Amino acid sequence: MKRLDPRTVALGLAAPVLAVLVAFVVTTVILLVAGDPVGAVWAQLLKVPLPRQVIAIVNGATIYYISAIAVAIGFRMNLFNIGVDGQYRVASFAAALFAGQGWLPGWLNILVALVVAMASGAAWAAIAGLLKVGRGVSEVISTIMLNAIATQLVSFLLGKTAVKQAGSNATNTADLPTDSRVPGISLDGIIATPAKVYGLVVLAILVGVGYWFVLERTRFGFDLRAAGRSESAAVASGVKVKRMVVASVMLSGAVAGLVGMPLLFGQDYHYGDTVQSGLGFAGIAVALLGRNHPVGIAFAALLWGYLDQQSNGLQIAAGVSDRLVGVIQGVIVLSVVVAYELVRRAGVRIEQRRVASELAQRPAPAPEGAPA
């Protein structure tokens, strides 16, 4: 069993804590320069959330968590998958279109729809993977372009498949059958609110456990991490890097396909033109803040959900736009990059001093030819 090193744990926690502190200071400076009430803003953002807000935080974090895990899979392979937004749009539309037909009963309809979503997300992401290994196209460029294509393609297909509803101009797929909806989880008795946590919060937990198991306990995960750290070393050890690139991009896309499932089966019950956007980009920030670790990502996702909920009262309580939270989140992302580099350098210096100290304590070797 691997021994837990307190110094490693401290360094692991230092970067995100430092990033949040830097974001706090920078945001305060921005508020002062803009002439906004600093005290009122922070009082609103730091106040204890209401019970219904706690449920909303958990629900928001559930979606952010799945999105961040999808991004983190790419990060571990040294790939920058910016296409989660497009992948989850394509997957959510495909799953809603399938599940809305009600060809299968109850939970079987839900399970097959989840498979459809994962397959759709993986297939859409595979385009970027094949372009990278076949034509050398950067995944950053291809996934950005695929996001735009996905938005237009899904919008076009939605127009062709939408179900007209009397008295409404909404453009939606058919509503899911009642028996194909996932009921929420009540926390009555713990929190005094009728609001419920998405039932598919269980799916997010399974995704996190699966991410840890595949990357840390399987040969595939070892090859993926090895190829991400050093492509030449991975090739020398027999890893087929091109195959790993395509496989990891598809795996990332498959997880991205699940991002919209808690909303589809637990809240909206159809895919429409009001689908929430930007979840993929939020996943990038959450994955960075959580250091690509399943537990770290969970805390980062809760922080993102918390900021989202606390921003709702900014306009009333402090007279400041709720867009300020977007600024704070952006500053956190930038701070993460700086903080990680500072902590990494500090870790290297500490390690160098430790090695130098151990070498200094060793007895000097006897000179050649000296009597034993």
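How far apart should the end C-alpha atoms of helix α10 (residues 241-256) be at 1.5 Å a residue, and what separation do they show? In this predicted model, the 16 residues of α10 should span 22 Å, and the end C-alpha atoms sit 22 Å apart, so expectation and model agree. Much of the rest of the picture can be hung on this helix, so it pays to keep α10 (residues 241-256) in view.

To set the scene, the protein chain comes to 15 helices and two strands. Its C-alpha atoms fill a box of roughly 100 × 55 × 40 Å, taken along the principal axes. The chain has 372 residues, and 43% of them count as buried. Contacts across the sequence are plentiful: among those with a separation of 6 or more, 77% join residues 24 or more positions apart.

Back to α10. Its buried residues are V241, M244, V245, V246, S248, V249, S252, G253, A254, V255 and A256. These pack against a whole set of other helices, namely α3 (51-76), α4, α5, α7 (201-217), α8 (219-229) and α9 (231-236). Two of the buried residues, S248 and S252, turn up again in the lining of the largest cavity.

That cavity deserves a word. The structure holds one cavity of 30 Å³ or more, and the largest cavity encloses about 40 Å³ of space. Around it stand G74, L79, N81, A128, E139, T143, S248, V249 and S252. Helix α10 gives the most to this lining, with three residues, while α6 (139-161) and α10 each supply at least two. Sorted by class, the lining has three nonpolar, five polar and one charged residues.

Helix α3, one of the packing partners of α10, has 26 residues and reaches 36 Å from its first C-alpha to its last, close to the 38 Å expected at 1.5 Å a residue. Of those 26 residues, 19 are buried, so α3 is largely enclosed by the rest of the structure. After the helix comes N78, with a positive phi near 65°.

Another of those partners is α4, which covers residues 84-101 and holds S92. S92 has a relative accessibility of 5% and therefore counts as buried, the cut-off being under 20%. Its side chain reaches the backbone oxygen of Y88 at 2.8 Å. Farther along the sequence, leaving aside neighbours within four places, S92 is in contact with G260, M261, L264 and Y271.

Helix α5 (residues 106-135) is the home of N109, and of S120 and R135 as well. How exposed or buried is N109? Its relative accessibility is 0%, so N109 counts as buried. Not counting residues up to four places away in sequence, N109 touches F98, A99, G102, L104, P177 and S180. With A99 the link is also polar, since the backbone oxygen of A99 lies 3.1 Å from a polar atom of the N109 side chain, within the 3.5 Å cut-off. V90 is another matter: N109 and V90 are 19 residues apart in sequence and 18 Å apart in space, C-alpha to C-alpha.

V90 does meet α5 elsewhere, though. S120, which lies in α5, touches V90, A91 and A94, again not counting residues up to four places away in sequence. S120 has a relative accessible area of 16%, which makes it buried. R135 goes the other way: at 72% relative accessibility it counts as exposed, because the threshold is over 50%. The C-alpha atoms of R135 and V331 are separated by 35 Å, with their positions 196 residues apart along the chain.

One more helix rounds off the tour. Helix α12 (residues 279-289) is mostly covered, as nine of its eleven residues are buried. The buried set is L279, G280, A282, G283, I284, A285, V286, A287 and L289. Just after α12, R291 takes a positive phi of about 55°, and N78, which follows α3, likewise has a positive phi.

Conventions
Residues are numbered from 1 along each chain as its sequence is written. This is a predicted model: local features need pLDDT of at least 70, side-chain atom pairs count only at pLDDT 80 or more; totals for chains, interfaces and linings use all residues. Side-chain values use heavy atoms; hydrogens and water are left out. Helices (H or I, at least four residues) and strands (E, at least two) are DSSP runs, numbered from the N terminus. Buried means under 20% relative accessible area, exposed over 50%, partly exposed in between (1.4 Å probe, protein chains only). Contact means heavy atoms within 4.5 Å. A polar contact is a pair of N or O atoms within 3.5 Å; within protein, one must be able to donate a hydrogen and the other to accept it, and residues adjacent in sequence count only if both atoms are side-chain atoms. The expected span of a helix is 1.5 Å times one less than its number of residues. On a 1 Å grid over the protein atoms alone, a cavity is a set of points where a 1.4 Å probe fits but cannot get out, and a pocket is an open set with protein on both sides within 12 Å along at least five of seven lines; lining residues have an atom within 4 Å of a point. Grid points are joined across faces, edges and corners, and a volume is the space filled by probe spheres set on the points. Ala, Val, Leu, Ile, Met, Phe, Trp, Tyr, Cys and Pro count as nonpolar, Asp, Glu, Lys and Arg as charged, and the others, Gly among them, as polar.
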